[in-house]
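The following exchange examines how the assignments in one sheet are justified.

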Amino acid sequence: MSFLFPTKDWTMCSSDEAFERASFKELSSFECTALTYKLAPKDRVPDPMKCVKKYRRNAAGGGVESKKNTCKSDWKRSLHDLVMSTDYLLGRIFARQQSDGIHEKESLVKAVNFVDDRIRAIQVDLTTLLGSMSDVDGRSLGVVREIQLKIIRYHILSRYLLSSLDAKDKYEWKFADTALTTAITCFLATYHNRPRNEVEINLLDEVLSYASLLHVAAIVRRNELAVPPTSVTSQSCGIALENGEGFSAILRLYRKYAINHSDKGLKSCGELYPKYAAALKIAICIDSGDFLSVLKTLNSRKPGALISGEERWMILSRCCMAQVIPIIRMGLVRRYNKSFGKQEKVGGEDLSRVLHLPSPSIAVEFCKNIGLPICTTTTKEVQHDSVVMKASPISVAAENITSITNPGRSMDQFVFGERDWLSCDALPVKKDPYEGLSSLQRALLKLKIQEDPNEIDIDDDNDQNNDDLTRKDEDGIIIFPEKVLQSLIG
């Protein structure tokens, strides 16, 4: 999939709505002209290439929508307009955290809040548009599926990227979960006639796997009694399916949308739907307590700097499960704690390999946080930490609950693997503009710059494109480069 951006004015929003929202001070800085985005809301001017239709409830008190008699009711977005609106929101606003012509980047949560609202309006328009069609052809359904799939990938990725957000009042997790559930439901609703070709099967396979993994994560979190349940305002671990709370709901999902599809030579589920089969394997392993196989399956990687389609699916699959990985590791340690001999010591190196943690020290610290005693031995003047098994039961202290129930972005290395863009520590180093010049040449150049600063711009050759760098925003959220975010969605 690629991104298709608008090329004409007022493609994503009507001029009537944009100017009326401006009069009501409801125009986002992402939608303003380059000269007015820094001004107060009452002084902002809408940009016809950047305004996107805002979500409005049909109930009374819907802000601008309550005065809809003043707006032209005949303005509607076509399916092509909705494609461009979706691509613009995900490929530009979310990936860049800024609109065209704006120099400063906004925080990720501000960009996501803007995108979430506009996507809700897109979902309403899609439902209205499809409902108004007397006969929806296969090509139109294919376009809708691509829109919904991008939205699903976006919601899965943004949920993970914001998982370390401390300010809970900045983001509504419940709305985010509802939006993801809506996108999955709308995508699956396009398969009422069963998939017919390989492309449709591949798309369905991917979405079935995400829905299954989110359901598995919800089960894992609900069944773990060593930590308190998730509060209503905090991020949920996974999203349960509507057709049941147990693992059988995953099979019902397959039975409803994929079974009895025998046009492909009676191929097995694993051959037709390999991604769904992988998710089903994870569910079976968790149900049987084989947590080691779960970690191995999720942590399987293909080497390469670029994010291919298969690697993107694996990354987003790990995003679905990231918040419950510590609980899965805790279940694995619980089994080892029962199987080893009494007071038997296990080194951090062995534990890091089994728990798929990056270092022995982190593995030992994890076991310490879930209540297992630690001992230190010295060999050839080198200290080694070990975990003492069968000395005490698993017990998570109050101060360690957050690290288990919400690991946040500490899971980056597990989710994305070893990537050059994973860390924002390697900031660009500006070259000395006077490097290689003698003291006399330096003095002359400085004097010339003082006389006419506009004549010589010494920074031009040293500037790097900020879109190619990983950065940390005002909330402390690490944000990856634009191309990385685009490749994970499109």
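**The sheet and its assignments**

Helix H13 (residues 348–355) lies across E1 and E3, at about 70° to E1. Helices (H or I, at least four residues) and strands (E, at least two) are DSSP runs, numbered from the N terminus. The model is predicted: local features need pLDDT of at least 70, side-chain atom pairs count only at pLDDT 80 or more, and totals for chains, interfaces and linings use all residues. Residues are numbered from 1 along each chain as its sequence is written, and side-chain values use heavy atoms, with hydrogens and water left out.

Q: What makes E1 and E3 a pair?
A: Two strands pair if DSSP finds at least two bridges between them. E1 and strand E3 (residues 382–388) are joined by 3 bridges, so the criterion is met; the two run antiparallel. Lysine 345 has valine 388 in E3 as its bridge partner, and glycine 347 stands opposite serine 386 in E3.

Q: How do you know that E2 and E3 pair?
A: E2 and E3 are joined by 6 bridges, and therefore satisfy the requirement of at least two. They run antiparallel, with threonine 377 opposite histidine 384 in E3. E2 and E3 form a hairpin with 2 residues between them, and lysine 380 in the turn has a positive phi of about 55°.

Q: Why are E1 and E2 said to stand at the edges?
A: The 3 strands form an open sheet in the order E1-E3-E2. Strand E1 (345–347) and strand E2 (374–379) each have a single partner strand, so one side of each is left without a neighbour in the sheet.

Terms used:
Contact means heavy atoms within 4.5 Å. Axes are lines fitted to C-alpha atoms, for helices over the stretch in contact, and angles run from 0 to 180 degrees between N-to-C directions.
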